[in-house]
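Hi there,

Here is the structure I promised to pass on to you. Please have a look at it first, and then read my notes below.

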Amino acid sequence: MRIVMKFGGSSLADGNCILRCCNIVKHYRQDHEIIVVVSAMDDVTDKLIELAELAKNGHGEELTKRIEALHTQHLEATTVLTSEELREAARRELSKLLAELEKILFASALLKEVTPRTRDRLLSYGERLSSILFEHALKEVGVECVRFEGGEAGVITDEVFGEATPLFEISKS
């Protein structure tokens, strides 16, 4: 049987919480095909909303501090990975994604504009960052896995930014 497990932000508050969730997946995986969906780590979506607001108002100096705090939060979550190889791989992927986020935020701050499309993109980073952590934590507990982002998994939405609706019929094909 296929089971879809969704882990919300409070379940992913830190590295230990993420490992606990991964052990739940490991337990059920013995008898089932598991699909995991993760939210952003606890409070990360709120932090991203604040970053978008700072960018819209052109507050570059404050952006730097807040991005660094977000980076630290995610890097600290990797400390529970005992495999140095997995820990370093996770840190590289997180740093790359956070650098991309930083570029978008500073470009938005320069323009003093965050469009609905840009806002949606900015908010997606929470889930994308936690999925990197979850993937490496699953591997840490011995679960082979493949990570997909929405589009890679075949999920297609309409173009109503800020209020997108999944297009199930198109997504199925």
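**The largest pocket**

Sorted by class, the residues lining the largest pocket are 18 nonpolar, eight polar and 16 charged. Please keep in mind that this is a predicted model. The pocket has a volume of about 1,700 Å³. Its lining is made up of 42 residues, and those closest to its centre are Phe-148, Glu-149, Gly-150, Ala-153 and Val-155. If you want to find the walls by element, look at α1, β2 (33–38), α5 and α6 (168–172), which each give two or more residues to the lining. The largest share comes from α5, with 10 residues.

**A residue in α5**

While you are looking at α5, try finding Ser-131, which sits in this helix. Is Ser-131 buried or exposed? Its relative accessibility is 12%, and buried means under 20%, so Ser-131 counts as buried. Leaving aside residues up to four places away in sequence, Ser-131 touches Val-38 and Arg-147.

**The cavity**

Next comes the enclosed space. The count gives one cavity of 30 Å³ or more. The largest cavity has a volume of about 40 Å³. Which residues line it? They are Gly-15, Ile-18, Ala-77, Thr-78, Val-80, Leu-81, Leu-133 and Ala-137. Helices α1 and α5 each supply at least two residues of this lining. By class, the cavity lining has six nonpolar residues, two polar ones and no charged ones.

**Helix α3**

Ala-77, one of the residues lining the cavity, also belongs to the buried set of helix α3. This helix runs over residues 60–77, which makes 18 residues. From its first C-alpha to its last, α3 reaches 26 Å, close to the 26 Å expected at 1.5 Å a residue.

Along α3, the buried residues are Gly-60, Leu-63, Ile-67, Leu-70, His-71, Gln-73, His-74 and Ala-77. Why do these residues line one face of the helix? If you look down the axis of α3, they fall within an arc of 160°, so they share one face. On the other side of α3, you will find Glu-61, Lys-65 and Glu-76 exposed.

What lies over the buried residues of α3? The cover includes α1 (15–29), α2 (44–56), α4 (84–111) and α5 (116–140). So α5 is a good helix to colour when you open the model: it helps cover α3, gives the largest share of the pocket lining and supplies part of the cavity lining.

Enjoy exploring!

Best wishes

How values were computed: Residues are numbered from 1 along each chain as its sequence is written. This is a predicted model: local features need pLDDT of at least 70, side-chain atom pairs count only at pLDDT 80 or more; totals for chains, interfaces and linings use all residues. Side-chain values use heavy atoms; hydrogens and water are left out. Helices (H or I, at least four residues) and strands (E, at least two) are DSSP runs, numbered from the N terminus. The expected span of a helix is 1.5 Å times one less than its number of residues. Buried means under 20% relative accessible area, exposed over 50%, partly exposed in between (1.4 Å probe, protein chains only). The arc is that of the directions from the helix axis to the C-beta atoms. Contact means heavy atoms within 4.5 Å. On a 1 Å grid over the protein atoms alone, a cavity is a set of points where a 1.4 Å probe fits but cannot get out, and a pocket is an open set with protein on both sides within 12 Å along at least five of seven lines; lining residues have an atom within 4 Å of a point. Grid points are joined across faces, edges and corners, and a volume is the space filled by probe spheres set on the points. Ala, Val, Leu, Ile, Met, Phe, Trp, Tyr, Cys and Pro count as nonpolar, Asp, Glu, Lys and Arg as charged, and the others, Gly among them, as polar.
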